[in-house]
Amino acid sequence: MRLLLISVFALAMTGCASNVITDYDSAAVFGNYSSWNFAPRPNGNDGFLSLDGKRINSAIEREMKLEAMRKVDVSEADLFVTWQIVTEERLERGGSGFGFGLGFGRGNFGWGISTAPPVEKVEEGKLVIELVDTDTKQVVWRAASRRYLNDEQSSEYRRELIDEIVADMFDEYPPGV
């Protein structure tokens, strides 16, 4: 019985963990924002949009529409939307290989030596979205994902993951609701 209660509690706590981290300007009046557009690129750079960029833009447009925000011309927008994929490195124990160790000793005394399993660096991308007030040019809302994109994910999985991440982010917008 005790084990069952602990398992249920652990499962409930896991379900409460958020996949996004949000922050916002407490002085901003989010009810005043009704229109948006993507922020103009620096130096008028209208370069290419990556495959993930296209997926992210599409997900943002869908979520802003669900928030009843109108996409308007850049000169008329209340908010600019910016996003970036921030690259982070982490160490991961290699999938193949093993550690090896040997030692000797007698009684309460002994010597040993071992090798660690192989470790490799893995690069992953964390999506960050910011909403910028067009009048003040200040960020008023920011969301960062705790879920990562990496090169080993299939195109379909990346699309689904981006859709889920952006939807989770906008579940937290507007703040305090």
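The following exercises concern charged side chains in a predicted model.

**Exercise 1.** Determine which parts of the chain the salt bridge between D163 and R62 ties together.

*Solution.* Begin with the contact: the closest N and O atoms of D163 and R62 are 3.3 Å apart. A salt bridge requires a Lys or Arg side-chain nitrogen within 4 Å of a carboxyl oxygen of Asp or Glu, so the pair qualifies. Next, locate the residues: D163 belongs to helix α3 (residues 155–170) and R62 to helix α2 (residues 51–66), so the bridge ties together parts 101 residues apart in sequence. Finally, R62 is partly exposed, at 32% relative accessibility.

**Exercise 2.** Establish where K126 and E88 lie in the chain.

*Solution.* K126 and E88 form a salt bridge, with 3.1 Å between the closest N and O atoms. K126 is in strand β7 and E88 in strand β4 (residues 79–93); the two are 38 residues apart, and the pair links distant parts of the chain. E88 has a relative accessible area of 28% and is partly exposed.

**Exercise 3.** Identify the network to which E156 and R159 belong.

*Solution.* The side chains of E156 and R159 form a salt bridge of 2.4 Å, N to O. Both residues lie in helix α3, three residues apart, or about one turn of the helix. E156 is partly exposed at 42%, and R159 is partly exposed at 34%. Through shared salt-bridge partners, R62, E63, E156, R159 and D163 are joined into one network.

**Exercise 4.** Name the residues that form a negative surface patch.

*Solution.* The patch consists of E120, E123, D151 and E152. Of these, E123 is located in strand β7 (residues 119–133).

Definitions and conventions. Residues numbered from 1 in each chain as written. Predicted model: local features only at pLDDT ≥ 70, side-chain atom pairs only at ≥ 80, totals over all residues. Heavy atoms only, no water. Patch = residues over 30% accessible without salt bridge, like charges linked within 9 Å, V, L, I, M, F, W, Y side chains within 5 Å. Areas by Shrake-Rupley, 256 points an atom, 1.4 Å probe, with all protein chains shown as cover. Lys, Arg positive; Asp, Glu negative; His and termini not counted. Charge placed at Lys NZ, Arg CZ, Asp CG, Glu CD. Helix = DSSP H or I, 4+ residues; strand = E, 2+ residues; numbered from the N terminus. Buried < 20%, exposed > 50% of the residue type's maximum accessible area, 1.4 Å probe, protein only.
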